[in-house]
Amino acid sequence: MEPAGAGPRRAREPLRDLRGALRAVLARVREGEPGEGREPFEPQRFWDALGQTFKATSQEATKLSLAFSRPPLPSVEDCQKLSEDVQNAILAVATVYYSLPKGQGTTLRKMVRDATTEVVEGMIQLTETILNTPLESLSQEQLISTGSVWEACEQASNLPRDNQAAVVSALAACLGVVKDALEEMEHALVEGRDPYSDIMEDEELGFRGNRDTYWSEADRKLLGPCMGLMKASKACLKKVLGVVKAHGKADSSEQIAQLDDLADIANEISPSVDELALSMYPPMNQLAVRLNAAKLASVLKKVLEITKTSHVCLPSEEGWVQFLTGAVDHNMDKIKNFTQGWGVMLPPLLQLILLTCCTEFEKDSFISQTTLKSRRADFSCLHMGICYSGL
């Protein structure tokens, strides 16, 4: 005679196998790369197939959830059939994703991969919820998990259909983040006046209150050109987004590659803006501000250079590219002038790192994205060293 509860546990055993199989699919989608198909790529056929597989997966999620929403539980055989149907639906989604050639654009491929990943992750979560939930009734967690799969599957209709649309979407997302960072900093400047400005300096201590909570006069001078760089970042993304919308094409491999290059380097603007903004809050370390500003300026100039040499920049668009390049240089020059002399206060090792970073970020030529990313570690080490030194 079976122990109490053994039957329900056996009925759900296929779900444990399903969970393992879905995790394996998820790993392959995350790590693998689509190949170039032997047959010519047919966009309409691809998008139709992707939509159909996403819809089928949504339906299988509904069937699975309903089967375990109330007694009686499905038999072991029924559960096995449900699990196989779910697994086949997920494999069909992954198969369609893999049929998208690399030549259609890395930005587009990443968005399709992210959508595919979200569907698989949602189905794994639903399976785990059913396995971990008592079987007497439909739990709130199971409802939420089922709804998450539905939402993920509905993304297929909203995905960009070519690399031009994908890059437009990516640039718009970056612009939104930069706008938020700029608005937050503008608000902080309005609220961040010296709270001790009406108090005389202490005769013994020589300063008013806790300066860790507000900007000094020297800090505020430096904030001006830093805000100028952040505004230039917003303007740069807005203008680049505009020309990609107006003139961007995905008809040739060269055009697709140029758009991907733009998206890749523009994606560096948002984290660079965030790092600069964080270093601007009191207590301000002016050297850290200069280094983060130099990094952002380098990214912006690279974006402008790539834009200028790509098919999206018609002769009529070159004026604003030149103007923004000049604005970036102007603000960076002011930042360097306001931070002269800070390097000599550092220990020799930090001076060496500073010299390396400033030489690369402040020289006229543009650095590669690989160099840009590799210098993040140098900045982190330098910032820790500065803080440790008490400067």
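Trainee: In this predicted model, how do the axes of helix α8 and helix α10 come together, and at what angle do they cross?

Mentor: Happy to start there. Two packed helices are described by the angle between their axes and the distance between the axes. Here, α8 (residues 217-247) and α10 (residues 269-280) have axes that come within 11 Å and cross at roughly 160°. That angle makes α8 roughly antiparallel to α10, since angles over 145 degrees count that way. The crossing of α8 past α10 is left-handed.

Trainee: Which residues make the contact between α8 and α10?

Mentor: On the α8 side, look for L223, C226, M227, L229, M230, S233 and L237; from α10 come I269, V273, L276, A277 and M280. Sorted by class, this contact of α8 with α10 holds 11 nonpolar residues, one polar and no charged.

Trainee: How would I read α3 and α5 in the same way? At what angle do they pack?

Mentor: Use the angle and the distance again. The angle between α3 and α5 is about 10°, and their axes are 11 Å apart. These two helices are therefore roughly parallel to each other. Try displaying the side chains that meet: F46, W47, L50, F54, T57, A61, L64 and S65 belong to α3, while L108, V112, A115, T116, V119, M123, L126, T127 and I130 belong to α5. The contact of α3 with α5 counts 13 nonpolar residues, four polar and no charged.

Trainee: And α2 with α4: how far apart are their axes?

Mentor: The axes of α2 (residues 13-31) and α4 are 9 Å apart, with a packing angle of about 5°. So α2 and α4 are also roughly parallel to each other. Residues of α2 in this contact include L15, L18, L22 and R28, and those of α4 include V76, Q80, I90 and Y97. By class, the contact of α2 with α4 comprises 15 nonpolar, three polar and one charged.

Trainee: Let's turn to pockets. How much space lies in the largest pocket, and which residues lie nearest its centre?

Mentor: For a pocket, read the volume and then the lining. The largest pocket holds about 390 Å³ of space. Its lining has 20 residues, and T107, K110, A170, D264 and N267 lie nearest the centre. The elements giving two or more residues to this lining are α5 (106-132), α7 (163-191), α9 (253-266) and α14 (369-389).

Trainee: Which element gives the most to that lining?

Mentor: That is α5, with seven residues. You have met α5 already, as the helix that packs with α3.

Trainee: How does the lining of the largest pocket divide by class?

Mentor: It divides into seven nonpolar, five polar and eight charged residues. Set that beside the contact of α3 with α5, where no charged residues appear.

Trainee: One last feature: which residues does a cis peptide bond join?

Mentor: Look at the omega angle of the peptide bond. A cis bond joins P71 and P72, with omega about -5°. You will find P72 in the loop between α3 (43-67) and α4 (76-98). Another cis bond joins P282 and P283, where omega is about 0°. The place to look for P283 is the loop between α10 and α11 (286-308).

Technical notes
Residues numbered from 1 in each chain as written. Predicted model: local features only at pLDDT ≥ 70, side-chain atom pairs only at ≥ 80, totals over all residues. Heavy atoms only, no water. Axes fitted to C-alpha atoms, helices over the stretch in contact; angles between N-to-C directions. Helix = DSSP H or I, 4+ residues; strand = E, 2+ residues; numbered from the N terminus. Parallel < 35°, antiparallel > 145°, perpendicular 65-115°, else oblique. Left-handed = near helix turned anticlockwise from the far one by under 90°. Contact = heavy atoms within 4.5 Å. Nonpolar A, V, L, I, M, F, W, Y, C, P; charged D, E, K, R; others polar. 1 Å grid on protein atoms, 1.4 Å probe; cavity = no way out; pocket = protein on both sides within 12 Å on 5 of 7 lines; lining within 4 Å. Points joined across faces, edges and corners; volume = space filled by probe spheres on them.
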